[in-house]
Amino acid sequence: MELPVPRGPLSAWLIDRLSGRLAPLPEQVISPEPWADEDLQLALWCCYELSYRGFDTSPPDAEWDPRILEFRALLEDPWTRWLQATCTPEVTDAPVSRQLRALIDADTGPGLAQYLQRKADVDQFREFVLNRSVYQLKEADPHSFGIPRLDGAAKAALVEIQADEYGGGRPERMHAELFRTTMRWLGLDDSYGRYVSDVPAVTLAISNVMSLFALHSRWTGALLGHLAALEMTSTLPNRRYASGATRLGATEEQAGYFTEHIEADAVHEQIAAHDLCDTYAADHPRAEADILFGASCSLTLDNLFADHLLTRWGVAENQHQAAS
């Protein structure tokens, strides 16, 4: 993957360093809304990508460059503090699976899935898929970082979910590969990371919050809660995405990424909530707050992304909910 175009002094410094050009660290300006900070989110995404597939021209050991790790920590500080200030729900005495369900049921985000199902034109659906590709082409790599940190029933539950995400041993059934089929239907380039330079900060933030949790063992509980929220909120939206894709002319195969998640995630929901999160919380009682925090981060950023697209498409704020 090629290095993206920088969006400010932070990402420019990192991209220069990965290209062999050394310079002093720039002064960091803390944004009150780091989820929308183009420069911060791109710089973080590039830092994290070094722990996935990296860049064609970056040194192979750049992941462990002390200056880049120091730089990443500086970026993570305001990002993490904003997440904690914005996405920390109350913890009750109920089982964590029941608290996750209550958190999800109380969420009333913009009706993006409904809009895509009923009203979106093909250009809008294409833009949605283009943005989703930033994470979907590495699905479900961030959550796999949790596997070596678990044991017993929780580990088995996470492996069961991830095995399905990776196609159960069949490369053509990997969810990232199914998503490529949808991208090709829409005339999009399905190369890994192709659209990183084209998406807004909020799209990068969705990916970055997973990587934050994935690459810090301190946030293992949040990583599991994030995964649970994804699985528990997947079935109905994907049914709507599939319906919208079909309305716009997609074949069964071209809409297959979405239909695959209708049945699979109905099962994964139960595994993630009970076998994974309840079990982990029973073994690590202090992790309940982190599990719920991770789930809340997932819901919050997805809502910000949905609001961004609907606003960009000229769907009035009072129509966001009317789309449902």
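User: What does buried mean here, as opposed to exposed?

Analyst: Buried means under 20% relative accessible area, exposed means over 50%, and partly exposed lies in between, with a 1.4 Å probe and protein chains only. The model is predicted, so local features need pLDDT of at least 70 and side-chain atom pairs pLDDT 80 or more, while totals for chains, interfaces and linings use all residues. Residues are numbered from 1 along each chain as its sequence is written, and side-chain values use heavy atoms, leaving out hydrogens and water.

User: What makes helix 6 mostly covered?

Analyst: Of its 15 residues, 12 are buried; among them are F125, F128, V129 and L130.

User: Why is T182 called buried?

Analyst: Its relative accessible area is 0%, and the limit is under 20%; therefore T182 is buried. This residue belongs to helix 9 (residues 175–185). Leaving aside neighbours within four places in sequence, T182 is in contact (heavy atoms within 4.5 Å) with V129, Q254, Y257 and F258.

User: Why is helix 2 called oblique to helix 10?

Analyst: Helix 2 (residues 38–49) and helix 10 (residues 201–214) pack at about 40°, their axes 9 Å apart. Angles under 35 degrees count as roughly parallel, over 145 as roughly antiparallel, 65 to 115 as roughly perpendicular and the rest as oblique; therefore helix 2 is oblique to helix 10.

User: Which residues of helix 2 meet helix 10?

Analyst: E38, Q41, L42, L44, W45 and Y48 of helix 2 meet helix 10 residues including A201, L204 and L212.

Methods. Helices (H or I, at least four residues) and strands (E, at least two) are DSSP runs, numbered from the N terminus. Axes are lines fitted to C-alpha atoms, for helices over the stretch in contact, and angles run from 0 to 180 degrees between N-to-C directions.
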